[in-house]
Amino acid sequence: MINRRDFCKKALLVAGGLAIPLTALEIFNPRRLRAEKSGSGKVRWVFLVDTHKCVGCGLCVRACKIENEVPYDANVTRTWVERYVVTKDGKIHVDSPKGALDGFTSTKIDQGAEHPLEIRNEDIDKAFFVPKLCNQCDNPPCVQVCPVGATYQTEDGVVLVDRSWCIGCGYCIMGCPYGVRFFHPVHRVAEKCNFCYHRISKGMKSACVDACPFGARRIGNIKDPNDPVTKIIMTERVAILKEEYGTKPQVFYLGLSREVK
Amino acid sequence: MVHGEAWTIKEFFVYPNEYIYWTIQIVMYPFMTGLVAGAFVLSSLYHVFGVKQLKEIARFSLVFSFALLPVAMMPLMLHLQQPQRGIEVMMTPHFTSAIAAFGIVFTTYAMIVASELWFVYRKYFVDTALELRQLGDKRTPVQNFRHLLYTVLTLGAWDVGEHALEKDEKAVKFLAGLGIPVACFLHGYAGFIFGSVKANALWMTPLMPVIFICSAVVSGIALCIITYVVTMELRKLIYAWQRRNKPYLPSTEELKSAELHVVTMTTKYLVMFLVLAITLELLDLIFRGYTAVKSWDILRKVIYEKDFTKIFILQYGFGNLLPFILLLLPRLTIRRAVAATLMVLVGVFMMRWNVVIGGQAFSASYSGFMEYVLPIWPHDMETFKEGFFGALMVLLTPYVLFYGLTKVMPVFGLKEDSH
Amino acid sequence: MKNHVLRPLFLVIGVVLLFLAARTVLVPADFGVHERGYMYGWYRKGNEAEWKAVKVKYKTVAYCKECHRDKYDDIKSSPHANIECENCHGPALGHPDDPPTLSIDRRREHCIRCHARLPYKTSGRGDIRGINPLTHHVEAECTMCHYPHNPKREVKK
């Protein structure tokens with residue numbers, strides 16, 4: 001026999017069950033999960049940096065900040081340029097004052113809280129500049145560690161941040177071995193270089209590429225065999241940064257030296 | 001100003017975007033969850049493994065663990081740049097992230113502790129509710145409220161017969177048993193959050209979760225001992241004052257001997273886990289020095305030069321070795337035990353500090369350092385949240401909550417101890 | 001009386017169901033697993049379009065030469081040929097409608113990005129003609145003597 005109490009209970013259960021559509025249970029859909037990881041798209045954006053050509057003018061940093069609305073004087077930046085000066089005693093001096101927003105205009109090496117270091121010309125064995133930006137890794141650790149799905153990789157390989165979904169935990173900043181991520185000073189969410197996604201998806205080049213007068217920065221589509229950037233990557237000796245992390249970075253460097261961090 | 005700039009000092013070459021992004025609150029987070037897990041494990045030692053000597057402290061630490069629970073979440077909320085979106089961790093969890101499981105593990109754990117508490121206190125709820133019901137219309141508004149509260153708390157289970165209570169006891173045992181792995185998971189996974197960051201040379205080690213669990217149990221037990229002693233001292237004072245009217249209350253001496261007995265027993269477990277924690281930490285250190293991979297050059301500078309005082313003097317010396325000796329010396333007194341457990345707490349806190357802040361003390365470029373300057377006097381919301389007073393707030397909240405909880409679920413002086 | 005032991009469990013199940021119901025309302029419909037799989041492609045699809053819709057500020061030389069053909073020809077035949085107009089004139093944005101005029105960066109700091117002498121033989125920088133900004137006519141703007149569109153030409157006074 002069913003008594004009133006049991007009936008109420010069961011009725012509630014049934015009503016509750018009906019009220020919850022099956023979609024509520026869909027944390028992820030296995031059918032979509034099977035979607036090919038490498039993607040079937042025709043575009044995969046890559047970047048090529050020629051360190052031989054970079055002179056450390058920082059016009060790329062300036063253009064990037066304005067184009068992508070990162071407050072100009074804030075001490076964070078989506079892209080930056082590093083200076084390496086190797087002296088005769090074997091020491092490696094690195095700096096990037098304000099991310100080279102105003103370029104390198106002095107021979108003094110910025111050392112943060114320490115006094116700037118003056119290096120005599122005759123002590124220099126080699127010196128060069130290395131632009132840095134997001135590597136849009138094929139295995140982006142920053143995306144892997146996002147707890148809420150607020151950062152992701154698009155089919156064409158660019159890693160984006162959903163500003164309306166980011167909780168600002170900073171785990172992605174911690175997870176990036178290249179230090180490209182930071183908190184946007186205005187939006188207060190994770191921020192990073194996205195190859196100027198709004199430009200490249202309109203057929204333009206990223207702002208830093210356009211701003212560079214020396215051709216040190218180039219952007220291309222690795223899936224297009226006729227793309228000049230693809231040709232260089234395929235035929236010349238290119239290097240990537242911090243290969244040991246297994247992130248499979250997609251920013252390639254010509255003339256990378258062992259000193260580069 | 002950029003987040004992190006207010007308290008970060010950079011030295012030599014640090015990538016432009018690098019700052020100390022994880023600050024005091026992220027130190028507080030594993031410290032507080034450690035206390036939660038530790039307190040729960042302590043209570044389970046009695047419920048599951050039947051360690052009779054811990055009977056007195058078991059219920060106490062269970063309630064305390066419940067009071068600590070919301071506080072384990074607090075530092076995270078204070079740390080988030082968008083705390084109002086925190087719920088997304090449960091809405092769209094991305095399980096490849098160690099943090100994503102937090103919402104689920106934490107809630108599961110909270111529900112287990114809450115259920116266990118319910119079974120432990122069910123008889124009390126029923127008794128109190130019935131008592132208040134008998135008053136009928138003579139109830140004051142406060143009593144009315146309490147009547148309603150306790151009636152709701154019984155969840156309609158009014159049966160307090162012997163058979164039902166037996167079932168309660170079984171349920172408590174089951175939940176306490178279930179709770180141990182979940183508590184360990186809750187905290188071990190806090191260690192995983194750090195241990196799995198491959199970009200950070202100091203954090204990345206599979207030992208991290210285990211180290212975190214051990215030090216969690218250590219700190220949890222230590223805090224329970226201290227809080228227990230404090231409440232016992234208060235009881236002594238209150239009873240001494242009340243005994244004039246109520247001579248049947250236990251005398252100061254009786255309380256004292258009971259107190260010492262509990263403390264002595266509990267410290268034994270404390271020492272055990274302390275040894276385990278130190279062993280693992282030293283293993284990690286030796287292993288890093290021996291294998292000396294690429295990152296060792298900068299790690300060595302951080303460990304042996306920059307953070308030497310914090311690691312070897314405050315953490316290992318003052319926080320581990322000294323209390324270890326104090327606890328092992330014969331004829332333990334309450335005073336010595338309290339001093340030692342306080343030191344242990346400092347030691348565990350420093351361990352968290354050295355992991356969280358120490359892991360950010362060097363640049364990912366391995367060619368520069370960052371120093372964290374803890375903001376003391378806040379000059380804006382950010383320096384309050386991620387400064388001294390924010391941390392202090394987190395540290396004090398469990399006591400406020402504990403006080404509130406004991407109003408509903410008294411820890412001492414129940415008429416009949418069924419568990 | 002029936003078994004009371006499962007009461008907390010019922011409560012828990014109730015809370016979970018309530019939560020799942022809330023989830024259907026609060027999570028955007030386009031949130032899910034996309035091209036890169038669950039690990040790298042768990043996101044709100046609509047966000048891609050939001051990023052694509054960001055306003056372009058730097059319109060590149062192709063945009064400038066539509067109207068300023070003379071200036072374009074001027075600079076294209078000079079050593080400064082590769083410098084984009086907007087590097088000194090600022091981003092075009094909606095120019096000439098919004099803003100009608102652009103502000104030109106004539107500061108010394110702007111020129112010495114390249115022309116502060118750095119003795120780096122192993123870098124392209126060492127080959128650029130440079131000055132010591134601390135001693136070279138400190139009081140003057142570079143454009144007083146050097147014509148920026150063609151540094152080889154005399155400045156028209």
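Two residues are taken to be in contact if their C-beta atoms, placed from the backbone, lie within 7 Å. In this predicted model, the contact between chains C and A then takes 46 residues from chain C and 60 residues from chain A. Chain A also touches chain B, and a sheet within chain A is described last.

**Contact of chain C with chain A**
- On the side of chain C that touches chain A, at least two residues each come from α1 (7-26), β1 (31-33), α2 (37-40), β2 (42-44), α3 (46-52) and α7 (108-115) of chain C.
- α1(C) has the largest share of that side, five residues.
- By class, this side of chain C divides into 24 nonpolar, eleven polar and eleven charged residues.

**Contact of chain A with chain B**
- Here chain A contributes 42 residues and chain B 39 residues.
- Elements of chain A that each supply at least two residues of its side are β3 (92-95), α4 (141-144), α5 (171-175) and β7 (182-183).
- α5(A) gives the most, with four residues.
- The side of chain A that touches chain B has 25 nonpolar, twelve polar and five charged residues.

**Sheet in chain A**
- Three strands of chain A, in the order β9-β1-β10, form an open sheet with mixed pairing.
- β9 (217-221) and β10 (251-254) of chain A are edge strands with a single partner each, so one side of each has no neighbour in the sheet.
- Neighbouring strands are turned against each other by 25° on average, direction ignored.
- β1(A), residues 45-50, pairs with β9(A) in the antiparallel sense over five bridges, and Trp45(A) stands opposite Asn221(A) in β9(A).
- Helix α8 of chain A (residues 228-235) packs on the sheet and touches β1, β9 and β10 of chain A; the direction of α8(A) makes about 95° with that of β9(A).

Methods: Residues numbered from 1 in each chain as written. Chains lettered and ligands numbered in written order. Predicted model: local features only at pLDDT ≥ 70, side-chain atom pairs only at ≥ 80, totals over all residues. Nonpolar A, V, L, I, M, F, W, Y, C, P; charged D, E, K, R; others polar. Pairing = 2+ DSSP bridges. Axes fitted to C-alpha atoms, helices over the stretch in contact; angles between N-to-C directions.
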